[in-house]
Amino acid sequence: SLNTQRIDHIYESPQIKNPKFILHYGDLTDSMNITKIIQQCKPDEIYNLGAMSHVKVSFDTPEYTAQVNALGTLRILEAVKLLGLEKKTKIYQASTSELYGGMSENKNKGCYNESSEFYPRSPYGVAKLYGFWITKNYREAYNMFVCNGILFNHESSRRGETFVTRKITRAVAQIALGIKDKIYLGNLDAKRDWGHAKDYVRMMWMILQSEHADDWVIATGVGKTVRDFLVNAFLVLGIHIKFEGSGLDEKAYVTHCTKDEYKLEIGKEVLSIDPNYFRPSEVDTLIGDPTKAKEKLGWFPKYSFESLIKEMVISDVKLFKDHYRAV
Ligand code: GDD
């Protein structure tokens, strides 16, 4: 992918002398390519964040999802082993809370730690389950320093626009600025443990600096619904909403606005439900218990649910203001 705008400020062309940051063309479905890059770089650390990462899309592309998320992980592990780098190269594998499946009848009541049972509910989750176990297997079989970070949802203003948090913050900014009428969402009652990507990426690095290779849950421990996220996102701009109706007929309306800059008409409809955004098998509740990471690695998240949303909404308001100023 050539969409490098997020890294342009740190990217140095390979033409310059001793560049610190170099890009290679890579594809997790291509073993030769992965092996060649690892052979050229002989890395100290590999962070495998490569994935087909959209849970809903994985129902439409299950085979490709398995190729990238499951076998892609194997390709990296096997390349490191094949090249004799087992003692040099540490590997971080991006595992996920989707491994748990989050069904409400589950005995964990939606709250999970490193010992909880897995029950993935999507082709994405099933493929990631392979990634988790093959990583653990290479650690045990070949004594490699390879670790799973079981990360719960982590967000920021750079989040892809089709994930629910960013979809909401973009839409709220557009509605407040009069660019968009309303937002369409799926399951408002899905509960997630949303943290800030900055906190979680710091922890990925800490995992590879720890004394022993292990698997770690990274989460805030706080569960909120999609509905909570929407309410809080509007509140950042002083817009209060209320919900009416139920199921597919549920709507949200503006009740009052407290900021002069974002005065919407009282009673304006700002949300409808679209069944297209429901998943064939839903993951109701995912909340993580990061006790082990806190006690053993001293990791604590710096961002709260509210400060995360505030940062994302303000960033999207700026984005749309800048865009409309430019055109
Ligand atoms: N995307 C989306 N769009 N989700 C919606 C919508 C909508 O319009 N309406 C409701 N939701 C609900 C989904 O059904 C889901 O329960 C929840 O919002 C979160 O959806 P996503 O933001 O798409 O994330 P996810 O939880 O499925 O998966 C993300 O987090 C995982 C755990 O860290 C992804 O980043 C995965 O790659 C990651 O493993």
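The following legends describe close-up views of a predicted model.

**View 1. Four strands form an open sheet with parallel pairing.**
The strand order in this sheet is β1-β2-β4-β9. At the edges stand β1 (45-48) and β9 (215-218), and each of these strands pairs on one side only. On average, neighbouring strands of the sheet are turned by 20° against each other, with direction ignored.

**View 2. Strands β2 and β4 pair in the parallel sense.**
Strand β2 comprises residues 90-96, and strand β4 comprises residues 146-151. The two strands are paired over 6 bridges. One residue to locate is glutamine 93, whose bridge partner in β4 is asparagine 148. Helix α4 (residues 123-142) packs on the sheet and touches β2, β4 and β9. The direction of helix α4 makes about 150° with that of β4.

**View 3. A second view shows an open sheet of 4 strands with mixed pairing.**
Here the strands follow the order β6-β13-β12-β11. Strands β6 (183-185) and β11 (239-244) stand at the edges; each has a single partner strand, so one side of each is left without a neighbour in the sheet. From one strand to the next, the twist averages 25°.

**View 4. Strands β12 and β13 run antiparallel.**
Strand β12 covers residues 251-257, while strand β13 covers residues 269-273. The two are joined by 3 bridges. Lysine 251 has serine 272 of β13 as its bridge partner.

**View 5. Helices α5 and α7 are shown with the sheet of mixed pairing.**
Helix α5 (residues 164-176) lies across β6, β11 and β13. The helix runs at about 160° to β6. Helix α7 (residues 226-236) packs on the sheet and touches β6, β11 and β13. Its direction makes about 150° with that of β11.

**View 6. The ligand is surrounded by 24 residues.**
Of these residues, Ser53, Thr96, Tyr124, Lys167 and Arg279 come nearest to the ligand. The shell around the ligand divides into 10 nonpolar, 8 polar and 6 charged residues.

**View 7. Oxygen atoms of the ligand lie beside polar atoms of the protein, including those of threonine 96, phenylalanine 152 and asparagine 153.**
A polar side-chain atom of threonine 96 is 2.7 Å from a ligand oxygen atom. In the side chain of asparagine 153, an N or O atom lies 2.8 Å from an oxygen atom of the ligand. For phenylalanine 152, the atom concerned is a polar backbone atom, and its distance to a ligand oxygen atom is 3.4 Å. The ligand taken alone exposes 720 Å², and the protein buries 97% of that area.

Conventions:
Residues numbered from 1 in each chain as written. Predicted model: local features only at pLDDT ≥ 70, side-chain atom pairs only at ≥ 80, totals over all residues. Heavy atoms only, no water. Pairing = 2+ DSSP bridges. Axes fitted to C-alpha atoms, helices over the stretch in contact; angles between N-to-C directions. Contact = heavy atoms within 4.5 Å. Near = heavy atom within 4 Å. Polar contact = N/O pair within 3.5 Å; in protein donor to acceptor, adjacent residues only side chain to side chain. Areas by Shrake-Rupley, 256 points an atom, 1.4 Å probe, with all protein chains shown as cover. Nonpolar A, V, L, I, M, F, W, Y, C, P; charged D, E, K, R; others polar.
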